[in-house]
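Okay, thanks for making time, everyone. I'd like to walk you through one chain this morning, so have a look at it on the screen before I start talking.

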Amino acid sequence: MWKIGNIEIKGKTILAPMAGITTFAYREFMRSFGVALCYTEMISDSGLIFNNEKTYEYLPRPEEKRPTSVQLFGGETTKLLVAIEKIEKHTDNYDFLDLNLGCPVPKVTRNNGGSAWLKHPNELIAMVEKVVKRSTKPVTVKIRIGWDEKHINFKELLPKLEEAGVSLIAIHLRTTKQLYGGKARYDLAQNIQNLVSIPLVVSGDIYTLDDAIKALEITGAQAVMLARGQLGNPFLATQIETYFKTGERLKDPSLYQQLDYLWTLANMMVEEKGKHMGILVMRGIAHHFIKGFPFTKTYKVKLTKMSTLNDLELIIKEIKNQALLI
Ligand SMILES: Cc1cc2nc3c(=O)[nH]c(=O)nc-3n(C[C@H](O)[C@H](O)[C@H](O)COP(=O)(O)O)c2cc1C
C-alpha cells in the first residue's frame, strides 16, 4: 500500500487516461479487475468554461467509485484556474486533479496544452504552483520524457514539480515526437523514484505481468499505468495485483472468459451511453478481446461493424460455435 497525499492506494495498477475509451462504464469495469485508481479521459478546460454539456459528461458521476483522478488539459494558466473552479462547483466526487502535460496531439499542443508545456519548464512550474494553490484536491501531473530526442528533460523536471507541490507524477516514457510508436524508454528511467520523495507511476508498454515487474524494478516507481496493454485484456490488472499481493501467477483467460468480459463491458457501456453510442464506442474496443486467438481474424471486421447489442450477442455465439469445432 502507498499513498498519494493522504489517500491510500491499494494496489500497483492504475487505469491510464485514454480519450474515447476510459469512460465511466469503462472505469467501473476495470475496477472490478482490481485497478487501484482510475483516471477520467482528458477534459478540456475550454469545454468546461464554455459550459459544453458533452464536456461535463466526462466528469465523474455521483455514483462513481473512488479513488478517481480528473484529468484536465489546457494551455493557459488563467483558463486552467477557471476550469478548476468549474469542476469543483460541479462535483466533489473525485480524489485528485491531474494535469495532462503529455498529450502529443497537434490540436492540443498548438494551443500550448498537453506536452507543449514541457518545452517551457519555467512557465510550466509557475502554472503548476498556481494550480496547486487553487485546487482543493491534491494535484498530480502526467508528463512525457521530453519533447523530442534532443530535449529529454524529465529528470530535471521531477524535483521541480515536487517542489511546486504536486502529489504524484505519472511519466509516459516516450517523447512527444514518438507519439505512441517506438519503445517506451525504460533505459532512461533507472531508479528514477530516487529523484523525488513523492510517488512516481510509469506508463508505457505494459502488456504482461513480467512487463509490470520489470518496469517497477527498473524505475522503483510505486505503480504501473495500464493503457493499450489492458485494452481487451482487463485480466492483466488482476494478474499484476494478485502477483504483488500473493506471489501467484494467474493463467491468461480463455477465449470463453474473454467473450464474457466483452459482453459485460458492452452492456455497461450501453447502460452509460445508450444503445447507439454505447455500441459505437464498443466498435473500437471489442475486437481487442479476441486478438491472439486462432481463427478470430474474420470476426474482427464484424465487431467493428456491429450496430446493436443483439449483433454482438450473435457474433459471440458464432465465435463460441467455431471454437467448439476446433
Ligand atoms: C487511444 C488513446 C487515448 C489516450 N488518451 C490519453 C488521455 O486522454 N490523457 C493522457 O494523459 N494520456 C492519454 N493516452 C496515453 C496513455 O495514457 C498512455 O500514457 C500511453 O498510451 C502509453 O502507454 P502504453 O504504451 O501502455 O499504451 C492515450 C493513449 C491512447 C492509445
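**Two domains and what sits in them**

So, the chain is divided into domain 1, residues 2–246, and domain 2, residues 255–325. Keep in mind that this is a predicted model. The centres of domain 1 and domain 2, taken over C-alpha atoms, are separated by 29 Å. As for what they share, 15 residues of domain 1 are in contact with 13 residues of domain 2.

Let me begin with the strands. Take β8, residues 168–175: eight of its eight residues are buried, so the rest of the structure largely encloses this strand. On one hand, β8 pairs with β7, residues 139–146, in the parallel sense, over six bridges. If you want a spot to zoom in on, K142 stands opposite A170 in β8. And how does the chain get from β7 to β8? It goes through helix α7, residues 154–163, and this β-α-β crossover is right-handed.

β8 also pairs with β9, residues 200–203, again in the parallel sense, here over four bridges. For that pairing, look at I171, whose bridge partner in β9 is V202.

Just follow the chain out of β9 for a second. In the loop between β9 and α8 you'll find D205. D205 isn't a glycine, but its phi is positive, about 60 degrees. Its relative accessibility is 25%, so D205 counts as partly exposed.

Okay, on to α9, which is residues 235–246. It has twelve residues and reaches 16 Å from first C-alpha to last, close to the 16 Å expected at 1.5 Å a residue. Which residues of α9 are buried? They are F235, L236, A237, T238, Q239, I240, E241 and T242. Those buried residues pack against β3 (13–15), α1 (24–31), α8 (209–219), β10 (223–226) and α10 (255–273). α9 is then followed by G247, with a positive phi near 85 degrees.

Now compare that with α13, residues 309–325. Here we have 17 residues, and the helix reaches 25 Å between its first and last C-alpha, close to the 24 Å expected at 1.5 Å a residue. The buried ones are L312, I315, I316, I319 and A323. Why do I say they line one face of α13? Well, look down the axis of the helix: the buried residues fall within an arc of 100 degrees, so they line one face. Among the elements covering them are α10 and α12, residues 297–305. Turn the helix around, and the face of α13 pointing away from its buried side carries L324 and L325, both exposed.

Two more backbone spots before I stop. F295 is in the loop between α11, residues 275–283, and α12. Like I said for D205, phi is positive there without a glycine; for F295 the value is about 65 degrees. F295 has a relative accessible area of 24%, which makes this residue partly exposed.

The other spot is a cis peptide bond joining R66 and P67, with omega at about -5 degrees. P67 itself is in the loop between α3, residues 53–57, and β5, residues 68–73.

That's what I had, so let's go to questions.

Conventions. Residues are numbered from 1 along each chain as its sequence is written. This is a predicted model: local features need pLDDT of at least 70, side-chain atom pairs count only at pLDDT 80 or more; totals for chains, interfaces and linings use all residues. Side-chain values use heavy atoms; hydrogens and water are left out. Helices (H or I, at least four residues) and strands (E, at least two) are DSSP runs, numbered from the N terminus. The expected span of a helix is 1.5 Å times one less than its number of residues. Buried means under 20% relative accessible area, exposed over 50%, partly exposed in between (1.4 Å probe, protein chains only). Contact means heavy atoms within 4.5 Å. The arc is that of the directions from the helix axis to the C-beta atoms. Two strands pair if DSSP finds at least two bridges between them. A crossover is right-handed if, with the strands pointing away from the viewer, the path from the first strand over the helix to the second runs clockwise. Domain bounds come from an automatic or database domain assignment.
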